[in-house]
Amino acid sequence: MRKKDKRSGFTVAAIGIMIIAFLVICLSPRSGKSTESINRLLIESCQLQRVENASFNPEAQVIVVLKHFGNNYMERSRYHLPLLPTISAALVQQRRMLSVTTTTGKQVAFDKAGNAYGVVTAETAVDTPGACER
């Protein structure tokens, strides 16, 4: 009986150590990289809530906007207006996109993911030859 008692005591101790090691690994704080990647996924899954026109340089055709996403995440972005892909004003209304207008009257629309598009109306289509619609 003594041999069985020694073996069963050893087995119980080994199982106890394995359970403690498992709990330590599971309950240990996550590394900064995994927390950062989780936060990045949360930010990327948020939708655009509001857009503000921060500044506009008419000579350089550069607009700076503040984009407010969910979870109080804010992003400042710069866009060179001639390089933006274009979209029609009808699609902007249909998709309920957020938009800002520059001091020169040009309009920039943003989808829910925060991507920017130059808005083309019938008046601006004449001004910009070769404007493509997406």
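This note comments on a three-stranded sheet and on one helix residue in a predicted model.

1. The sheet as a whole. Strands β1, β2 and β3 make up an open sheet, in the order β1-β2-β3, and their pairing is antiparallel. The edges of the sheet are taken by β1 and β3; each has a single partner strand, so one side of each lacks a neighbour in the sheet. From one strand to the next, the twist averages 25 degrees.

2. Pairing of β1 with β2. Strand β1 covers residues 48-57, and strand β2 covers residues 62-69. The two run antiparallel and are joined by eight bridges. Two positions may help the reader to follow this pairing in the structure. Val 51 has Lys 67 of β2 as its bridge partner, and Asn 53 stands opposite Val 65 in β2.

3. The turn between β1 and β2. These two strands form a hairpin with four residues between them. Attention is drawn to Gln 61, which takes a positive phi near 60 degrees.

4. Pairing of β2 with β3. Strand β3 comprises residues 74-80, and seven bridges join β2 to it, again in an antiparallel arrangement. One of the positions to inspect is His 68, whose bridge partner in β3 is Met 74.

5. The turn between β2 and β3. Here too the strands form a hairpin, with four residues between them. In this turn, Asn 71 has a positive phi of about 60 degrees.

6. Burial of β2. Is strand β2 mostly covered or mostly uncovered? It is mostly covered, since eight of its eight residues are buried. In a regular strand, side chains alternate between the two faces of the sheet. The residues of β2 may accordingly be listed by side: Val 62, Val 64, Leu 66 and His 68 lie on one, while Ile 63, Val 65, Lys 67 and Phe 69 lie on the other. Both faces are covered, and the residues named on either side are all buried. The student should note that Lys 67, the partner of Val 51, is among these buried residues.

7. Ala 89 in helix α3. Ala 89 belongs to helix α3, which spans residues 89-94. Its relative accessible area is 27%; buried means under 20% and exposed means over 50%, so Ala 89 is classed as partly exposed.

8. Surroundings of Ala 89. Which residues does Ala 89 contact, leaving aside its neighbours within four places in sequence? They are Val 119, Val 120 and Thr 121. In addition, the C-alpha atoms of Ala 89 and Ala 122 are separated by 8.8 Å, although these residues are 33 residues apart along the chain.

Key:
Residues are numbered from 1 along each chain as its sequence is written. This is a predicted model: local features need pLDDT of at least 70, side-chain atom pairs count only at pLDDT 80 or more; totals for chains, interfaces and linings use all residues. Side-chain values use heavy atoms; hydrogens and water are left out. Buried means under 20% relative accessible area, exposed over 50%, partly exposed in between (1.4 Å probe, protein chains only). Two strands pair if DSSP finds at least two bridges between them. Axes are lines fitted to C-alpha atoms, for helices over the stretch in contact, and angles run from 0 to 180 degrees between N-to-C directions. Contact means heavy atoms within 4.5 Å.
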